[in-house]
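Please look over the sequence and the fold shown here before reading on. The paragraphs that follow move from single residues to the packing of helices.

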Amino acid sequence: MPKRSTPDRERLTQLRREDSYYHITCFKDEFYCNDHPDGRCMRGFFSLFIQALNGMTFAIKYGLPYKVDFSNATYPYSNAGEEIPTNFWEELMVPQALSPDRSPVYNLRYETYPLRIWHRGFLRSLHQTLRSEIRFQKNLTEKIATLKEKFKPFRVLGLHARRTDHYLEVPSVDEEVFLLKIKKKIQEFDRLFVATDDAVFLEALKRLYPEKVLAHDFYRSNDKQAVHDHRSGKTGLLLGEQALLDCLSLSFCQELILSPSNLSYAALVFQPDLPYSLVESRAAAWSRRKTLLAYLLNRWGIRKW
């Protein structure tokens with residue numbers, strides 16, 4: 001009996017068609033999106049990003065060309081006011097060249113679902129896919145290089161504090177837990193880079209550490225609503241770019257304090273050997289460890305994934 005992570009015979013037949021390509025997208029109800037029947041997908045940027053990396057890894061394993069395509073619905077990162085959504089992915093990343101006569105084989109949940117497996121080996125494997133497959137568009141590459149230069153003179157402690165809608169995904173912790181973690185570490189660093197969706201929390205950190213806090217002038221929320229749920233005049237593409245630049249900035253730091261979120265996880269995909277600690281509730285830690293255990297048991301052949 002094959003593992004659930006292994007395609008069955010019928011699926012292998014689809015994947016082995018000579019004229020096919022692997023189509024990576026948020027497909028129908030495969031990824032638990034309630035709004036897909038209405039043409040909307042409200043998933044966060046790095047949920048989609050990690051899914052895309054998983055899809056690239058899967059396509060490479062089975063020798064398939066692929067396309068990452070988020071134009072099948074309106075995403076938070078699609079530009080507003082367009083009748084037909086553009087593929088925001090290709091506005092940020094250079095697409096793989098693809099022959100127009102190929103037919104799509106759409107990704108399935110078990111092939112690309114963006115589980116966060118907090119394991120250095122798994123992070124390194126995703127990092128290898130990222131290095132070989134992801135190329136940023138020229139204007140974004142220039143912005144990344146500029147940011148990296150700004151970080152070079154300093155030893156930087158990075159913080160990602162997701163404070164708005166995160167409680168809907170994993171149980172949250174009080175901000176005092178973040179503050180205690182920072183207090184224990186801050187004297188070892190020249191600067192504290194803060195990536196957060198919470199404008200109020202950022203201002204509190206600036207008052208506590210006025211000489212140390214670094215933060216980009218990005219859009220943030222003043223309430224519990226996620227940034228990608230209310231744009232306030234910002235284009236969706238700009239929100240995606242800002243999320244990506246915050247994530248990359250974390251990867252330029254020397255140590256990280258992280259929420260157990262997709263953005264935090266992606267920062268480690270960019271730099272899988274960075275020292276880090278997680279600020280998480282007991283329920284979130286238990287969920288993370290169960291996922292890791294299931295992954296390890298599957299890898300060891302003890303149980304099906």
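In which strand does G158 lie? G158 belongs to strand 4; strands (E, at least two residues) and helices (H or I, at least four) are DSSP runs, numbered from the N terminus. The model is a predicted one, in which local features need pLDDT of at least 70 and side-chain atom pairs count only at pLDDT 80 or more, while totals for chains, interfaces and linings use all residues. Residues are numbered from 1 along each chain as its sequence is written, and side-chain values use heavy atoms, with hydrogens and water left out.

G158 is buried, at a relative accessible area of 0%; buried means under 20% relative accessible area, exposed over 50%, and partly exposed in between, with a 1.4 Å probe and protein chains only. Although G158 and L250 are 92 residues apart in sequence, their C-alpha atoms are 5.5 Å apart in space. Not counting residues up to four places away in sequence, G158 touches F193, L250, C253, E255, L256 and I257, where contact means heavy atoms within 4.5 Å. One of these partners, C253, counts as buried at 3% relative accessibility. Another cysteine, C247, is buried with a relative accessible area of 0%. The count of disulfides comes to 0, a disulfide being a pair of cysteine sulfur atoms within 2.5 Å.

Strand 4 (156–161) also meets helix 8. In helix 8 (residues 199–208), the residues A199, F201, L202, A204 and L205 are buried. The buried residues of this helix pack against strand 4, and also against helix 7 (175–185), strand 5 (191–196) and strand 6 (213–214). At the N-terminal end of helix 8, D198 acts as a cap, with a side-chain oxygen 3.0 Å from the backbone nitrogen of V200.

The next residue to consider is S264, which is found in helix 10 (residues 262–270). S264 is buried, with a relative accessible area of 0%. Its side chain reaches the backbone oxygen of S259 at 2.8 Å. Leaving aside neighbours within four places in sequence, S264 is in contact with W118, H160, L258 and S259.

Attention now turns to strand 1 and the loop after it. H23 lies in strand 1 and is buried, with a relative accessible area of 6%. The side chain of H23 makes a polar contact with the side chain of D69 at 3.3 Å; a polar contact is a pair of N or O atoms within 3.5 Å, and within protein one must be able to donate a hydrogen and the other to accept it, while residues adjacent in sequence count only if both atoms are side-chain atoms. Residues touched by H23, not counting those up to four places away in sequence, are K67, D69, P104, V105, Y106 and N107. E30 lies in the loop between strand 1 (20–24) and helix 2, and counts as buried at 18% relative accessibility. Its C-alpha atom is separated by 8.7 Å from that of N107, 77 residues apart along the chain. Beyond its neighbours within four places in sequence, E30 is in contact with N107, L108 and R109.

Which residues touch the most other members of the largest nonpolar core? Of the 71 residues in that core, they are F45, F46, F49, W89, F136, L244 and Y265. Helix 2 (residues 45–61) gives the most to this core, with 10 residues. A nonpolar core is a set of buried Ala, Val, Leu, Ile, Met, Phe, Trp, Tyr and Cys residues joined through side-chain atoms within 4.5 Å. Leaving aside neighbours within four places in sequence, F136 is in contact with L92, M93, V94, T141, I144, L244, L248 and F270. A second, separate core of 17 residues includes L159, I182, I186 and L202.

Helix 2 also packs against other helices. The axes of helix 2 and helix 9 (residues 236–251) come within 10 Å and cross at roughly 70°; axes are lines fitted to C-alpha atoms, for helices over the stretch in contact, and angles run from 0 to 180 degrees between N-to-C directions. Helix 2 and helix 9 are therefore roughly perpendicular to each other, since angles of 65 to 115 degrees count as such, those under 35 as roughly parallel, those over 145 as roughly antiparallel and the rest as oblique. F45, F46 and F49 of helix 2 make this contact with G240, A243, L244 and C247 of helix 9.
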